[in-house]
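Here's a quick tour of one protein model, written for someone just starting out. Keep the picture open while you read.

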Amino acid sequence: MTLGGPFGRAIGWLGGGVFASAVLQYILFFAVARWLGVAEYGAFSLALTAAILAAPFCDLGSSVSIVCTGSRRPDDLAAQLGGALLLRALMAVPVGLAALGVGLACGYGATFATLLPPLFVAALADGAGTLASAACQAEERMATAALLQVARNLLRGGALVVTLLAGGGPHALATTFGLASVVGAAVALRIAAHGRTVPLAWQHVRPTLQAALPFGAAILATGMQAQIGVLLLGWFDDESAVGRYHAALRFVLLLQMLPQVVAMASAPRAFRAGAGDPTTVRSMYERKLAALAPIGLLAALALATGSEWVVGHCLGSSFAGSAPLLLALAPVPFVKFVASALADTASALGRQRAYAVGCWLALGLQVAAALALIPRFGPVGVAGAVVASETFLLLFLASVTSAAGVPVGLGRALRPLLWAAAAAALAAASAGPWAAVPAAAIGLLAQTARRLPRPWTASRAPLGGAA
């Protein structure tokens, strides 16, 4: 697999789309947090997190299975898209009521109850837009998939501007977010249809569900693993603590968009190769690991050394309590970037059930650790539980990938990163925190240069002879 040709163009389009989408998300995040303040942002983020975690129970993995099915059997794509939309409609009401009931049982209060419905509608509509984007990915219409992502955040930005101009509060913001997401989903589905009819027939729901569940089991656990700490913290602590923790977590979640774009761009080819060409899957894994691990290390170092600067300049002094939480969460990008290469490989090789088991075990570990640590350490305890569960999942995926016949080679791949991290620590100790990132970058370049072929070691023709 080279970085040129169709794959390079796919990375380019999706990378550009995700970058633009991330910039818009950062702007929205900063604006909402500054405007609402710590306490109101905590209440808003509590309902938003509940909606984001509930919505995948209406999807059950169909947005990923569409890419797999559409890549291998293009003629079935329209039927599966229709089945996925009907599945989402069928599950919407019971899942929404269940989310509301669980929140009220946890004592989240009346503000949560009034914010959740419009935010849940927004999450459902965003999921429908994701289905449309997945259909475009399956057909390798990567430019369209990228534009759909950017358009979604542009609409949310417009909703935020309207709310700000009208002087509305969190409830008005939740309502405009819901309306913007519904409009975006309708447009995205029309574009994904690409001039053909998407059949909405109940007989397509069952095969769609059967294809989706192996992916859905892992997706549900992964989504909860990323954000369930917000809900657990809301159970034990006040809205201000939730706001501080969620603000720090958002930086980590937005960084994770980078490995996601690599997974999205490579998924169609990986699923096709996994059916009969494991050599290509191995090559894709090695290249992903070589690219993602150094970037993850630099991201982790940047968060660790610049947490106070990042929080202070982006969110303001009222969120100063988020800086130590961002420092505690700093290892997560590195672990997630490495684990992403392993997860993609396990999925491509058909080890989806084993991957799902690992995700649920990691989720269980995180919940148990958080429940033990929150009463004593508060939000820092949640961050520690996240780091522990993500590390466990990385090791689990390494064992699954190795058992599938792909040499993991983490020791060989990560050894240069350890040297770079040591250089970063030394630089930070002697010259200040911000010296760590350039020192790590230099260390990575030096280690990479050692692996490149040297021109003077190539064989030469004798003097006077033919070259």
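## A buried aspartate

This is a predicted model, and a good place to begin is Asp 126, which sits in helix α5, spanning residues 110-138. Is Asp 126 buried or exposed? Its relative accessibility is 12%, so it counts as buried, given that the cut-off for buried is under 20%.

Who are its neighbours? Setting aside residues up to four places away in sequence, Asp 126 touches Arg 152, Arg 156 and Ser 181.

## One salt bridge

How many salt bridges does a search of the whole structure find? Just one turns up. The partners are Lys 336 and Glu 390, and their closest N and O atoms are 3.6 Å apart. This pair ties together distant parts of the chain: Lys 336 belongs to helix α13, Glu 390 belongs to helix α15, and 54 residues separate them.

Both ends of the bridge are tucked away. Lys 336 has a relative accessible area of 16%, so it is buried. Glu 390 comes in at 4% relative accessibility, so it counts as buried too.

## Following helix α14

Now look at helix α14, which runs over residues 352-377. Its 26 residues, at 1.5 Å each, should span 38 Å, and the C-alpha atoms at its ends are 35 Å apart, which agrees. The helix has a kink of about 30° at Leu 371, and the proline Pro 375 follows shortly after. Just past the end of α14, Gly 378 has a positive phi of about 65°.

Part of α14 is hidden from view. Its buried residues include Tyr 355, Cys 359, Leu 363, Gln 366 and Ile 374. What do the buried residues of α14 pack against? They meet three helices: α8 (205-236), α13 (331-348) and α15 (379-403). You've already met two of these names, since α13 holds Lys 336 and α15 holds Glu 390.

## Nonpolar cores

The largest nonpolar core has 71 residues, and the members that touch the most others are Phe 44, Tyr 245, Leu 315 and Leu 329. Helix α1 (residues 5-54) gives this core its largest share, with 16 residues. Another core lies apart from it, made of 29 residues, including Ala 218, Leu 301, Ala 341 and Val 408.

Let's zoom in on Leu 329. Leaving out neighbours within four places in sequence, Leu 329 is in contact with Tyr 245, Ala 248, Leu 249, Val 252, Ala 383 and Val 386.

Technical notes:
Residues are numbered from 1 along each chain as its sequence is written. This is a predicted model: local features need pLDDT of at least 70, side-chain atom pairs count only at pLDDT 80 or more; totals for chains, interfaces and linings use all residues. Side-chain values use heavy atoms; hydrogens and water are left out. Helices (H or I, at least four residues) and strands (E, at least two) are DSSP runs, numbered from the N terminus. The expected span of a helix is 1.5 Å times one less than its number of residues. The bend at a residue is the angle between axes fitted to the seven residues ending there and the seven starting there. Buried means under 20% relative accessible area, exposed over 50%, partly exposed in between (1.4 Å probe, protein chains only). Contact means heavy atoms within 4.5 Å. A salt bridge is a side-chain nitrogen of Lys or Arg within 4 Å of a carboxyl oxygen of Asp or Glu. A nonpolar core is a set of buried Ala, Val, Leu, Ile, Met, Phe, Trp, Tyr and Cys residues joined through side-chain atoms within 4.5 Å.
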